[in-house]
2 protein chains.
Amino acid sequence: MSSNYQKLLEKVYEIHDIEKAMGVLSWDKETNMPKAGMQARIQQMTTLRRLSHAMFTSDEMGELIETAAADVQDAAYESNEASLIRYLRRSYEESRQLPPAFVRRVSEVSGKANPAWVEARENNDFAHFQPHLEEVVKLVQEMAELYGYEDEKYDPLLDKFEHGMKTAEVRAIFNAVKEELIPLRQAIEERGSVVDDSIVHQSFPIDKQKEFARYIANAVGYDFSRGHLGTVVHPFATSFSRNDARITTRWYPNFLNPSLFGTLHESGHAMYEQGTHPDLARTPLARGTSSGIHESQSRMIENIVGRSLGFWQAHYPKLQKLFPEQLNGHDVTEFYRAVNKVQPSYIRVEADELTYNFHIILRFELEQAMLNGDLAVADLPTAWNDKMKELLGVVPPTDSEGCLQDIHWSRPGFGYFPTYALGNLYAAQFYEAAVSQNPTIAEEMAQGKTGALVAWLRENIHQHGRKFTPAELVQKATGGPLTHEPFMRYVTKKFSEIYEL
Amino acid sequence: MSSNYQKLLEKVYEIHDIEKAMGVLSWDKETNMPKAGMQARIQQMTTLRRLSHAMFTSDEMGELIETAAADVQDAAYESNEASLIRYLRRSYEESRQLPPAFVRRVSEVSGKANPAWVEARENNDFAHFQPHLEEVVKLVQEMAELYGYEDEKYDPLLDKFEHGMKTAEVRAIFNAVKEELIPLRQAIEERGSVVDDSIVHQSFPIDKQKEFARYIANAVGYDFSRGHLGTVVHPFATSFSRNDARITTRWYPNFLNPSLFGTLHESGHAMYEQGTHPDLARTPLARGTSSGIHESQSRMIENIVGRSLGFWQAHYPKLQKLFPEQLNGHDVTEFYRAVNKVQPSYIRVEADELTYNFHIILRFELEQAMLNGDLAVADLPTAWNDKMKELLGVVPPTDSEGCLQDIHWSRPGFGYFPTYALGNLYAAQFYEAAVSQNPTIAEEMAQGKTGALVAWLRENIHQHGRKFTPAELVQKATGGPLTHEPFMRYVTKKFSEIYEL
């Protein structure tokens, strides 16, 4: 290996270590830290962030990247070396596109907008949040200009979360989804209440929920010997290396779904990180390639695996044994139908597998309208409710249950929302390709087993980490670009059966 | 405030933040991290350590200290500014006394000696550890020369843990302790088995042990709103700020003492850090001033408070309520006597309040003998057993229960052991002074309350952090230098009563 490339690696390792240390501090903040420790913790994290940022954005780093790049210019496109250089060049350039004064303004605006949003949501008082959201919109408008774009202003924002994806592509796919998904939703509604989910709304002692959550996380392929399950208010997954990728869950005493599907969701995220190739360790390539692809892994485990009939045929007896009072007398079909109930609702994070996408399409469209100046922030509540009516057929009674429900717009994070729905679409496309390449996967899944599926994911997705763009990865893994069709086939078949359409 | 001093503070804060981040990584390593995460964690901690070390030992830091010192040269000795300059000057000088090549050798030797020690202890095979210990002894001999000394070679090693204390002082105090404590131990032995501790050796469900541990930690004054209790194999306390000072405990299903007194011990340590003055935050002064003074706070809470009759008269009913099967029919006096049983034993960490000091005196004497070349490492097992016979009247049947029991000699940590016993002596002297200054303390203690005692500790010990040397602190708080007399008065009175001497 060239000594310039080696020198670059040493610096990359150092920055990576600092960033992973920040990750540990953040994990600890959410799981164990007493609230009183917040001020010192923020100082510690700020110091580490400043250090890693200064190291990465230095002129010296730019030179290191270029001298190393010259030394490995003959490396194949797919090699770790060429992939790392590609990633670092892009990331280095982006890190220098936002002037320090702008970055400070982002911190200041978010620092005020976030508590204002918390208060506004608590008091159902959109007017209190409105001036802050106006500031946020100004910031994302400026940010788009600073990054620059060719086609649409939304492009550079989306690119930060889904590199290489264009707004126009997403729009075309989402429009196709809408066109087919709205009639499906309506057909289900017309069937009335053929699905009853009252059995998941009972009292479930939390220690047994924990036991079962650990059991199913292990069953789907999450490796506890390289992980840890923590308790938090807002669940997430995080990793400090491929050998320490953690999940978190919250526990509701009277509702089983959050612990079941939350645990499976985060397990899917963490399995992605556990599956990155060891040779990528201590580099920024050792993680998921984009928000959308990451979400495809969590949705694969949560929904395609975790909400399948085969999965519950295998694991429901164990659940019944833990909760005999609650579940005896209810067979697996009833349980399977209960956890797949379709029910248009106001709150995104509580939405079912089918209607979830509408929540995202709504936000995607409203974000662009605000960004492009087509929608004044003052008019957001009305626009929100109109779109809810159009897509979901329901209108939230309050703004707290409407346009104030998500944290995302209290910081300049425009461009993130679409990746949630893209995750659902990627997942269905990956699964269809996997089964067609290896029919054993479907046979195993019918028995609630995931060994072959996880092996396919490891081989085609996980191991590559951030070497390839989402589009490259989808092409390599499935032989074509992202389309909505596999997802529509998947939900149409599944819910037609459940709702006897 | 002068701008040079302000510049120094900014740098001090930055280094402090990195070191506290290392503390969080270390805490997480012991409490939550899967074993598989070790390699990456060591890399992360090594990177942070290298960064903070490079920052602190730089020429720039030396200049910052001196220019700031010139600006605050008129500050009073007791001021935060003068105290910080004193501490930084000493610490800066020390950090540059060991050449980088020597520091690397320390890492290498420890890195090999530690696993060899683990193996030797497991297999009761001193010969396996002997060559490593010989290397360690060579290192501490060189280290003493690098630091330099006027009187004794042991002085500079001791100084790292108990700044300003001389070996000759410790020797004089320990000799006085020996002279009075051996006869007391023998008198107790002659009384035979008047104390029965079988009630603490029963089955105690761990969830209830945890509940009671939290209860008594809170009762003695540990502030859970600024802390956290974790579970580990080897308990310790640590802090990331005065508002986040944590304790850890281990739980034995069939022995109550470790969770009771381990929790109280670590609470005492953590309360010291919780009590440092807010103005010292983010500087190296915001922690206990020495190993010995720190140990005095843990021993105060563990023994002087936690093994007192008043404490158990107040809290034993709660314990009985949690463990009725185990404790009903045994009154508080019986329990008090059980947790104060004197029993010469082989293992230091299991020793009672009275015989513990003998374990330390033995190590203090043997460390010096090895350091000075008076004792060949090969002869350590024999020398160990001879001293055990002399001081404790018992001889361990194996080296694993003898000279191989502690981790300390697998790294060049000579000079640390004496601070454990110094902690006991400081604690007794502080307590005597506190009660003579405020008699309410004794009245409260008779009712199991610690409010007035903790207030005295806050005022006289905790708030000062590392501003003063141990000797300065003892002088200020008690009006004289450290002596063994308060300790001897305390144990003589207490154990004469229990053993009806």
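Reader: Which way does α5(A) pass α6(A), in a left-handed or a right-handed crossing?

Author: In this predicted model, α5(A) passes α6(A) in a left-handed crossing. The contact is made by residues of both helices, including F102(A), V106(A), V109(A) and W117(A) of α5(A) and F126(A), F129(A), H132(A) and L139(A) of α6(A). By class, this contact has 12 nonpolar, three polar and four charged residues.

Reader: Why are α5(A) and α6(A) called roughly antiparallel to each other?

Author: The axes of α5 (residues 100-123) and α6 (residues 126-147) of chain A come within 8 Å and cross at roughly 150°. Angles over 145 degrees count as roughly antiparallel, and the two helices are therefore described as roughly antiparallel to each other.

Reader: What makes β1 and β2 of chain B edge strands?

Author: Three strands of chain B form an open sheet in the order β1-β3-β2, with mixed pairing. β1 (229-231) and β2 (237-241) of chain B each have a single partner strand, so one side of each is left without a neighbour in the sheet. The twist from one strand to the next averages 30°.

Reader: How do you know that β1(B) pairs with β3(B), and how many bridges join them?

Author: Pairing requires at least two bridges between two strands, and three bridges join β1(B) to β3 (residues 244-249) of chain B, so the requirement is met. These two strands run parallel, and T231(B) stands opposite T249(B) in β3(B).

Reader: Which helix packs on the sheet, touching β1, β2 and β3 of chain B?

Author: That helix is α1 (residues 3-31) of chain B, whose direction makes about 140° with that of β2(B).

Terms used. Residues numbered from 1 in each chain as written. Chains lettered and ligands numbered in written order. Predicted model: local features only at pLDDT ≥ 70, side-chain atom pairs only at ≥ 80, totals over all residues. Axes fitted to C-alpha atoms, helices over the stretch in contact; angles between N-to-C directions. Helix = DSSP H or I, 4+ residues; strand = E, 2+ residues; numbered from the N terminus. Parallel < 35°, antiparallel > 145°, perpendicular 65-115°, else oblique. Left-handed = near helix turned anticlockwise from the far one by under 90°. Contact = placed C-beta atoms within 7 Å. Nonpolar A, V, L, I, M, F, W, Y, C, P; charged D, E, K, R; others polar.
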